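Reader: I'd like to practise reading an interface between two chains. Can we walk through one together?

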Amino acid sequence: MTRPAVFIVCAPNPRAGVTTTARLLAEWRLYNGDPVSVFDTDPDFAPQTRFVHGHARTADLATVDGQMALFDGLLADDGATRIADIWCRSYRRFVDLAGEIGFFAEAARRGTDTHIVFAADGSDGSLAEAWGLHERFPDTRLLIAVNGARVPPGDHTLGRLASFPTTQGFSFPALDPVAASVLDGFNGRLARFIDNPPEDLSIVVRARMRDWVTKAFVQFRAFDVRRAFEATSLLG
Amino acid sequence: MKPAVILVGADKGGVGKTTVSRALLDYLASRNVVARAFDTEHPRGTLKRFHPGQTEVVDITSTSDQMRIFDTLLSAGPKVSMIDVRAGQLGASLRALQEVGFLDAVKAREFSLVVLHVLGPSIASLDEIEETAPFIGDASYFLVKNFINDTTFFEWDPQTFSHYFRKAPESGELVVPKLNAMAYEQVELAGTPFSTFVADRRSDGSAAGHSFVLRGYVRTWMRNISAEFDRVGLPKLLENKPSPAPAKPEKRSR
């Protein structure tokens, strides 16, 4: 079983890959048979409630009830990995609220292993915002998630990504457009879908999706191993 | 430290007077100032519900209760006595203090007196200020603009301001920011001091399980109020030491 953690997946800009990253993180935990709780801050569509049905709930940060659902839920010591999908329209409110109520300090005080997963898009605004997060919450680990479908490869982009406050994180390659549309339209567990795909699903699409998910899961596995080693005592 | 009295009053009910009193008791406790409180909402005592251990319900117009308060100022353990004055009774209370000679003792610097006048939104507040002005010459006098219940205030007219406050050299302004309504309601239901709510405790000291979000709102609100009390130099005023001129309050979002 993987050690429970809290992942705040966020980005100030739309289409940076927040939902995909949060979905993959949740899928990885479920694939390993670990309990997971996902909080989706998009009150209108709440895609995570369709993707990881039964493990996700909506938390509208425009309401105090939603704020309680999110922050109190993230701090709940229930043994589950908790993942917050902070969509772009809730981003500013989340950052301000977390600062105002001292969320990250409280999480640290409770010994919660908390990570901010910032979905980078390579723009100047994204870079500035990542640095802003890092300076505002310096004691919380910041990770960068790069979605190949949103960040075109190139020297300029690579240089920009190297300027972020951390180089730790995840990089998801661009998924073939046909496979991507299948992925977006599928409401359900991804790993199960790949193991038992619909009979009419192209074997090519299936192979590409499996490859894409595998590349993500390998990175999560490496990340978990790293966390496990970090939690060990060198002298004990 | 000389004994000090803090009067918290308002000319009308519902402007947050008891909330200010509760915040003040928490502030004093956080600064290690031992205080006792008198609740003049006789016989009900709203303040006593939140701070039962340090609050007595009194009728400030009765001689026996005046004796309970003022005859014990020197002998009581706590050197700060806070009086939560019933709405509309601030002028009458100050008059009573004058009659028993307390204001003369303040003038002689035997005691310190701080008056917090919680304002309502109407022009009637200015009339109340005029009524209290003759009694507060040697007191530290503060107008409290309490935004906790979304009060909207009239704009100050500079001439009116100077007319009313010419006689109060220590007069100043305190701003109590708005507290999230749901957080405020939860503290009301809990019936504990704000600090106890933030610490996630019940009045008996057991764990309460309050929402972290609501506690966070209250904690931030308390921090802002404490900054206001610090800004006007309240601890020094209670010691009757000269305090630097209070800076203008920062413009706060409501």
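Reader: Let's start with the contacts: how many residues of chain A are in contact with chain B, and how many of chain B take part?

Author: Keep in mind that this is a predicted model. Counting heavy atoms within 4.5 Å as contact, you get 14 residues of chain A against eleven residues of chain B.

Reader: And how much area is buried between chain A and chain B?

Author: About 1000 Å², with carbon and sulfur atoms giving 63% of that. On the chain A side, Val64(A), Glu100(A) and Ile101(A) supply 49% of what chain A buries against chain B, and no other three residues supply more.

Reader: Which helices of chain A supply at least two residues each to the side that touches chain B?

Author: Helix H3 (64-75), helix H4 (88-101) and helix H5 (103-109) of chain A do. H3(A) has the largest share, with seven residues.

Reader: What about the classes of residue on that side of chain A?

Author: You'll find seven nonpolar, five charged and two polar residues there.

Reader: With charged residues around, how many salt bridges does the rule find across the interface of chain A and chain B?

Author: Zero. Polar contacts are another matter: six residue pairs between chain A and chain B make them, counting pairs with both residues at pLDDT 80 or more.

Reader: Now chain A by itself: how many helices and strands are there?

Author: Ten helices and seven strands. Of the 236 residues in chain A, 50% are buried. As for contacts in chain A with a separation of 6 or more, 75% come from residues 24 or more positions apart.

Definitions and conventions: Residues numbered from 1 in each chain as written. Chains lettered and ligands numbered in written order. Predicted model: local features only at pLDDT ≥ 70, side-chain atom pairs only at ≥ 80, totals over all residues. Heavy atoms only, no water. Buried area = accessible area lost by both parts, 1.4 Å probe. Salt bridge = Lys/Arg side-chain N within 4 Å of Asp/Glu carboxyl O. Polar contact = N/O pair within 3.5 Å; in protein donor to acceptor, adjacent residues only side chain to side chain. Helix = DSSP H or I, 4+ residues; strand = E, 2+ residues; numbered from the N terminus. Nonpolar A, V, L, I, M, F, W, Y, C, P; charged D, E, K, R; others polar. Buried < 20%, exposed > 50% of the residue type's maximum accessible area, 1.4 Å probe, protein only.
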